[in-house]
Amino acid sequence: MTAEEFEDRIVSWARRKPEIEALVQIGSRVQQNAVVDEWSDWDYQLILRKPARFYHEGWPKEIAPCWQVHFERTPRQATKLSAVFESGWEAEFVLLPVWQMKIVFWAMRRPRAMSWFPPALIQGISNVRMVAGAGYRVILGGPAWERRYCALQVAWPDTEFTADDFRHHVAAFWRHAVWVGKKVMRGELRAAQRWHHVALCEHTYALLMEEARIAGRNPRPEARQAELWLAARRLEQTSVGTAPTPDQMAKALLAQVTLFQEASRSIAVHHGFELADHGPLETWIRDGLARATDRTSSIRGWRTK
């Protein structure tokens with residue numbers, strides 16, 4: 001099955017479903033200048049009259065032979081079904097109620113009224129702008145939905161990185177850095193490795209995104225295409241790998257601490273945010289890792305170049 005045949009199957013399936021009011025393609029395959037190759041998946045928004053009818057794992061096989069289906073609630077509070085089809089083709093479908101999307105697009109045309117909108121609506125607008133703003137294609141839905149999606153062209157204030165955001169990420173990073181450090185010291189290296197990626201990288205990339213915005217670059221969430229928007233030094237600093245050994249986890253944690261310290265200081269200076277002194281925490285982590293790895297002098301002095 002070719003890529004064209006796979007796409008045709010998705011569209012033909014959607015046409016047969018009266019519950020689907022609109023099918024809108026998003027993602028790299030409809031974005032200008034995006035890298036699209038044989039590994040690229042297909043991303044769609046399914047705008048549904050009765051979303052509950054699609055809250056099961058059976059319907060993807062109506063499109064094509066299906067190997068695996070996965071439901072999840074995304075960090076942006078949307079319900080998404082991901083499916084891997086025969087030949088390895090992968091498609092993701094975000095399930096969206098018609099009424100909700102109509103309200104979002106109505107509000108999106110009225111940025112001056114944003115102070116009157118509830119937080120959930122503002123979040124919904126932000127979500128749609130983030131996932132569809134870089135490119136979309138209304139496949140089914142006709143002129144009515146094409147007009148609604150044109151609201152993406154209306155200028156809308158960017159989400160501001162606030163002092164509260166900064167405090168949250170800084171506090172969370174250091175709390176988890178201590179936790180990861182303790183796991184390394186105790187010898188729970190796989191737990192340390194997992195949480196290093198789950199928590200430390202998450203809060204670090206939140207700051208790296210803001211740092212890139214300050215520099216006039218266009219970062220993407222979840223470290224997507226980070227190779228295109230990270231500065232050269234940040235690319236080097238984020239290339240440290242992990243492995244379930246004391247030395248490697250100590251090196252990775254200390255590299256993350258050094259990177260986070262640099263990024264948090266630069267953002268604090270730019271925005272005038274208050275940044276607490278985390279020197280005692282860093283010293284405690286370094287000394288503990290030194291004892292755990294029996295390399296006191298090298299760990300205490302270790303820094304990324």
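In what order do the six strands of the open sheet lie? The points below take up that question and then move to the helices, the cores and two loop residues.

1. The model under discussion is a predicted one. Its open sheet of six strands follows the order β3-β4-β5-β2-β1-β6, and the pairing within the sheet is mixed. The edges are formed by β3, covering 66-73, and by β6, covering 137-140, each of which pairs on one side only. From one strand to the next, the twist averages 25 degrees.

2. Strands of a sheet pair through backbone hydrogen bonds, and the pairing may be parallel or antiparallel. At one edge, β3 pairs with β4 (residues 79-85) in the antiparallel sense, over seven bridges, and C66 stands opposite F85 in β4. At the other edge, β6 is joined to β1 by three bridges, again in the antiparallel sense, with R137 in β6 as the bridge partner of Q25.

3. Strand β1 also pairs with β2, in the antiparallel sense and over six bridges, and here L23 has L46 of β2 as its bridge partner. Seven of the seven residues of β1 are buried, so this strand is largely enclosed by the rest of the structure.

4. Two helices should be read together with the sheet. Helix α2, residues 98-108, lies across β1 (20-26), β2 (42-48) and β5 (90-97), and its direction is at about 80 degrees to that of β5. Helix α4, residues 142-149, packs on the sheet as well, where it touches β1, β2 and β6, and its direction makes about 160 degrees with that of β6.

5. How do α2 and α3 cross, and at what angle? The axes of α2 and of helix α3 (residues 119-132) come within 9 Å and cross at roughly 85 degrees. Because angles of 65 to 115 degrees count as roughly perpendicular, α2 is roughly perpendicular to α3. The residues that meet are M101, I103, V104, F105, A107 and M108 in α2, and L121, G124, I125, V128 and R129 in α3. By class, the residues of this contact divide into nine nonpolar, one polar and one charged.

6. The buried residues of α2 include V98, M101, V104, F105, A107 and M108. What covers the buried residues of this helix includes the strands β1, β2 and β5, together with the helices α3 and α4.

7. The largest nonpolar core has 34 residues, and those with the most contacts inside it are F166, W174, W229, L253 and I285. Helices α5, α6 (189-214), α7 (226-229), α9 (246-271) and α10 (279-293) each supply at least two residues of this core, and α9 gives the most, with ten residues. Apart from this core lies another, of 25 residues, which includes I20, L81, A83 and I139.

8. For W229, the contacts that remain when neighbours within four places in sequence are left aside are Y205, L208, M209, A212, R217, N218, P219, R220, A223 and R224.

9. Two residues of helix α5 deserve a closer reading. A177 is found in this helix and is buried, with a relative accessible area of 0%; leaving aside neighbours within four places in sequence, A177 is in contact with L200, L253 and I285. The C-alpha atoms of A177 and A199 are separated by 8.7 Å, the two residues being 22 residues apart along the chain. K183 lies in helix α5 (residues 163-186), and its relative accessibility is 13%, so K183 counts as buried under the cut-off of 20%. Not counting residues up to four places away in sequence, K183 touches E188, L189 and A192.

10. Which backbone angle sets S87 apart, given that S87 is not a glycine? Most residues other than glycine have a negative phi. S87, however, has a positive phi of about 80 degrees; its place is in the loop between β4 and β5, and it is partly exposed, with a relative accessible area of 43%. E222 also has a positive phi, near 60 degrees, and is a residue other than glycine. The place of E222 is in the loop between α6 and α7, where this residue is partly exposed, with a relative accessible area of 47%.

Methods:
Residues numbered from 1 in each chain as written. Predicted model: local features only at pLDDT ≥ 70, side-chain atom pairs only at ≥ 80, totals over all residues. Heavy atoms only, no water. Pairing = 2+ DSSP bridges. Helix = DSSP H or I, 4+ residues; strand = E, 2+ residues; numbered from the N terminus. Axes fitted to C-alpha atoms, helices over the stretch in contact; angles between N-to-C directions. Contact = heavy atoms within 4.5 Å. Parallel < 35°, antiparallel > 145°, perpendicular 65-115°, else oblique. Nonpolar A, V, L, I, M, F, W, Y, C, P; charged D, E, K, R; others polar. Buried < 20%, exposed > 50% of the residue type's maximum accessible area, 1.4 Å probe, protein only. Core = buried A, V, L, I, M, F, W, Y, C linked by side-chain atoms within 4.5 Å.
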